Structures are given as structure tokens and as C-alpha cells.
Amino acid sequence: MCRAGFERTGRFETLLLTDIDRNARDDYKTNYPDGAPYMCRDVGDIRASDIEDTPRGAILVPTASVLIRCRACTLT
């Protein structure tokens with residue numbers, strides 16, 4: 001997962017993950033049961049109001065400074 005490298009620096013925290021693949025979400029939740037919220041939606045369809053309704057979403061919308069998009073997510 002791309003987020004792990006950023007987190008290992010100690011300078012970043014994952015606040016939300018998205019993917020359209022439910023298997024990816026299920027794997028993440030199995031491996032990181034206390035991890036960040038995970039939305040099974042196309043990132044292009046997510047609006048700020050959707051994020052604000054997630055745990056910690058109220059801080060995500062005004063404070064997020066980095067959006068990571070993994071290479072695997074960009075292949076078609």
C-alpha cells in the first residue's frame with residue numbers, strides 16, 4: 001500500500017482510503033482493523049460532504065495536505 005511508506009516517515013497520517021474494489025477494502029480492514037476509514041467508491045464521485053460524515057472526516061476536509069494515488073489505481 002502506498003500509504004505505508006508515507007506513514008513510516010512519521011510525518012503523515014492516513015485519514016481516509018478509497019477504492020472501488022471491495023476485496024481491497026476487506027483485506028485492508030483485516031490487516032488494519034483500527035485503520036483509517038475506507039470508502040468503496042470511485043474517488044471521482046466523492047464530495048467533501050461525504051468525507052465529513054466519516055470518523056475524523058471533519059478534520060480531513062480542511063487539513064489534508066497530500067493526496068496519494070497508487071500506480072495500481074491508475075492502470076486501465
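In which helix does Arg3 lie? In this predicted model, Arg3 lies in helix H1. The description below starts with the chain as a whole and then returns to Arg3 and the residues around it.

The secondary structure of the chain consists of five helices and two strands. Read from the N terminus, the order of the elements is α-β-α-β-α-α-α. The chain has 76 residues, of which 24% count as buried. Its accessible surface is about 5700 Å², and carbon and sulfur atoms contribute 50% of that area. Among the contacts in the chain with a separation of 6 or more, 29% are between residues 24 or more positions apart.

Helix H1 covers residues 2–8 and includes Cys2. Phe6 is also part of helix H1, as is Arg3. The relative accessibility of Arg3 is 9%, which is under the 20% limit, so Arg3 counts as buried. Cys2, in contrast, has a relative accessibility of 30% and is therefore classed as partly exposed. Phe6 is likewise partly exposed, its relative accessible area being 31%.

When neighbours within four places in sequence are set aside, Arg3 is in contact with Thr14, Leu17, Tyr28, Tyr32 and Ile68. Of these residues, Thr14 is located in the loop between H1 and strand E1, the strand at residues 17–18. Thr14 is buried, with a relative accessible area of 15%. The side chain of Thr14 also makes a polar contact of 2.4 Å with the side chain of Glu7. Tyr28 and Tyr32, both contacted by Arg3, belong together with Tyr38 to a cluster linked by ring pairs.

Ile68 is another of the contacts of Arg3, and this residue lies in the loop between helix H4 (57–63) and helix H5 (71–74). With a relative accessible area of 34%, Ile68 is partly exposed. Beyond the residues up to four places away in sequence, Ile68 touches Cys2, Arg3 and Phe6. The loop that holds Ile68 thus meets helix H1 through residues far from it along the chain, as the following separations show. Cys2 and Ile68 are 66 residues apart in sequence, with a C-alpha to C-alpha distance of 7.3 Å. For Arg3 and Ile68, 65 residues apart along the chain, the C-alpha atoms are separated by 7.2 Å. The C-alpha atoms of Ile68 and Leu17 are separated by 9.5 Å, with their positions 51 residues apart along the chain.

Phe6 and Ile68 also appear together at the surface. With Val66, these two residues form a nonpolar patch that has about 210 Å² of accessible area in total. Both Phe6, at 31% relative accessible area, and Ile68, at 34%, are partly exposed.

Aromatic ring pairs were examined next. A pair of aromatic rings is described by the distance of the centres and the angle of the planes. The count comes to three aromatic pairs. In the pair of Phe6 and Phe12, the ring centres are 5.1 Å apart and the planes stand at 80 degrees; this angle is over 60 degrees, so the pair is edge-to-face. Phe12 has a relative accessible area of 29% and is partly exposed. Ring pairs also connect Tyr28, Tyr32 and Tyr38 into the cluster noted above.

Charged side chains were searched across the whole structure. Side chains of opposite charge can pair when their charged atoms come close. The search finds one salt bridge. Arg25 and Asp26 form a salt bridge in which the closest N and O atoms are 3.0 Å apart. Arg25 is partly exposed, with a relative accessible area of 22%. Asp26 is partly exposed as well, at a relative accessibility of 36%.

How values were computed:
Residues numbered from 1 in each chain as written. Predicted model: local features only at pLDDT ≥ 70, side-chain atom pairs only at ≥ 80, totals over all residues. Heavy atoms only, no water. Helix = DSSP H or I, 4+ residues; strand = E, 2+ residues; numbered from the N terminus. Buried < 20%, exposed > 50% of the residue type's maximum accessible area, 1.4 Å probe, protein only. Phe/Tyr/Trp six-rings, centres within 6.5 Å; stacked < 30°, edge-to-face > 60°. Patch = residues over 30% accessible without salt bridge, like charges linked within 9 Å, V, L, I, M, F, W, Y side chains within 5 Å. Areas by Shrake-Rupley, 256 points an atom, 1.4 Å probe, with all protein chains shown as cover. Salt bridge = Lys/Arg side-chain N within 4 Å of Asp/Glu carboxyl O. Polar contact = N/O pair within 3.5 Å; in protein donor to acceptor, adjacent residues only side chain to side chain. Contact = heavy atoms within 4.5 Å.
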